[in-house]
Amino acid sequence: MALDNKILERAIARQRQDLEERRQRFQSRAARIYAGIPRVAEIDRELRGTMGQIVSSAFRRGADPTSAIQALKERNLSLQRERAQLLAAHGYSADALEEKPLCPTCNDSGFTARGPCRCLMAYYTREQNRELSKLLDLGNQSFDTFDFSWYSTDYWPEEKSSPRENMEIVYELCANYAHSFSPRSTNLLMTGAPGLGKTFLSACIAREVSDAGFSVVYDTAAHIFSQFESGKFGRENPYDEDANADIHRYLHCDLLIADDLGSEMATALVTSALYQIVNTRLITGKQTILNTNLPLSELGRRYGAATLSRIEGDYQILTFFGEDIRKLKLR
């Protein structure tokens with residue numbers, strides 16, 4: 001599972017910010033307790049300071065410190081009981097002054113010997129979904145809210161089925177793809193006229209795969225190719241982003257979703273960039289979803305036979321047809 005460094009850095013920063021805010025809240029609570037119960041402050045100072053004093057004193061006299069240590073332990077236990085009673089009498093829990101880690105697995109470091117801890121990965125997923133939400137409506141776009149009623153049940157002879165029947169099949173394929181996503185999953189090409197649900201189902205997949213802990217990058221084809229252009233020629237980046245870092249994300253994330261392929265200006269660089277994306281991700285076993293309004297024949301004419309051959313050979317092709325849902329909603 002590949003982690004997106006850009007998202008991981010944000011997750012680490014967010015986790016550290018939350019831990020710092022928690023530490024400050026703990027310190028404020030401790031200050032209130034000490035101010036309201038001065039005896040508790042005295043007890044804590046004694047508990048922090050007596051151990052070293054008694055042991056060092058015993059060694060200076062050349063005596064066996066065992067008895068002194070035993071006396072200290074008994075004294076400390078007595079102080080702890082007194083503190084617990086004082087805290088309880090003022091409505092606090094016995095451990096109100098104990099700053100325990102939120103995650104006992106990594107002690108709030110965010111990492112274990114095996115890599116990022118589950119607590120950090122929860123932040124990673126939230127940050128990734130926040131990034132995806134810049135272009136996708138993850139709040140409303142989910143498999144549960146998909147509405148088949150916008151698709152006609154009228155038979156289309158050229159497609160040998162109705163738009164409704166076709167979408168029921170496409171929906172099932174997309175849902176299974178999302179729920180069972182793994183490094184062994186296939187690649188998808190969603191093709192069809194505008195307004196038929198390609199972006200909606202892509203968002204559903206992105207959401208499920210991201211929640212499963214995989215790195216997902218969703219972007220428009222136009223922006224992807226713009227970043228390749230900036231990275232190749234060192235041109236000023238209008239998006240104020242690190243083009244080379246974005247190119248690395250496009251090539252190495254677990255799932256790349258490139259939306260609206262074909263809407264960008266056709267250039268030799270675009271043709272080369274798409275081939276690099278498709279070919280590199282196939283070689284490295286990374287999954288890709290391409291969305292386009294163009295038919296396969298037009299993809300071959302626009303991006304070349306080599307790219308089309310790889311798409312036809314290694315992508316599952318999902319065809320969308322029917323009436324434009326956006327136009328139907330406006331009527």
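**View 1. Twelve helices and seven strands make up the protein chain.** This is a predicted model. The radius of gyration comes out at 30 Å, well over the 20 Å that the globule rule gives for 331 residues, so the chain is more spread out than a compact globule. If you'd rather think in boxes, the C-alpha atoms fill one of roughly 100 × 45 × 35 Å, taken along the principal axes. Buried residues account for 44% of the 331 residues in the chain. As for who touches whom, take the contacts with a separation of 6 or more: 76% of them come from residues 24 or more positions apart.

**View 2. Helix α8 crosses helix α9.** Two packed helices are described by the angle between their axes and the distance between those axes. Here α8 covers residues 243-252 and α9 covers residues 268-283. Their axes come within 8 Å and cross at roughly 50°. That angle makes α8 oblique to α9, because it falls outside the ranges for roughly parallel (under 35 degrees), roughly perpendicular (65 to 115) and roughly antiparallel (over 145).

**View 3. Here are the residues where α8 and α9 meet.** On the α8 side you'll find Tyr 250, Leu 251 and His 252. Facing them from α9 are Gln 276, Ile 277, Thr 280 and Arg 281. Sorted by class, this contact has three nonpolar, three polar and one charged residues.

**View 4. Cys 103 and Cys 117 don't form a disulfide.** A disulfide is a covalent bond between the sulfur atoms of two cysteines. So why is there no bond between Cys 103 and Cys 117? The sulfur of Cys 103 has its closest cysteine sulfur in Cys 117, and at 3.6 Å that is too far for a bond, because a disulfide calls for sulfur atoms within 2.5 Å. Looking from the other end gives the matching story: for Cys 117, the closest cysteine sulfur is in Cys 103, 3.6 Å away. Both are tucked inside, since Cys 103 counts as buried at 11% relative accessibility, and Cys 117 is buried with a relative accessible area of 3%. Across the structure, the disulfide count is zero.

**View 5. Thr 125 sits in helix α4.** The helix itself covers residues 118-132. Is Thr 125 buried or exposed? With a relative accessible area of 14%, Thr 125 is buried. Leaving aside residues up to four places away in sequence, Thr 125 touches Ser 210, Asp 211 and Gly 213.

Technical notes. Residues numbered from 1 in each chain as written. Predicted model: local features only at pLDDT ≥ 70, side-chain atom pairs only at ≥ 80, totals over all residues. Heavy atoms only, no water. Axes fitted to C-alpha atoms, helices over the stretch in contact; angles between N-to-C directions. Helix = DSSP H or I, 4+ residues; strand = E, 2+ residues; numbered from the N terminus. Contact = heavy atoms within 4.5 Å. Nonpolar A, V, L, I, M, F, W, Y, C, P; charged D, E, K, R; others polar. Buried < 20%, exposed > 50% of the residue type's maximum accessible area, 1.4 Å probe, protein only. Rg over C-alpha atoms; globule rule 2.2 N^0.38 Å.
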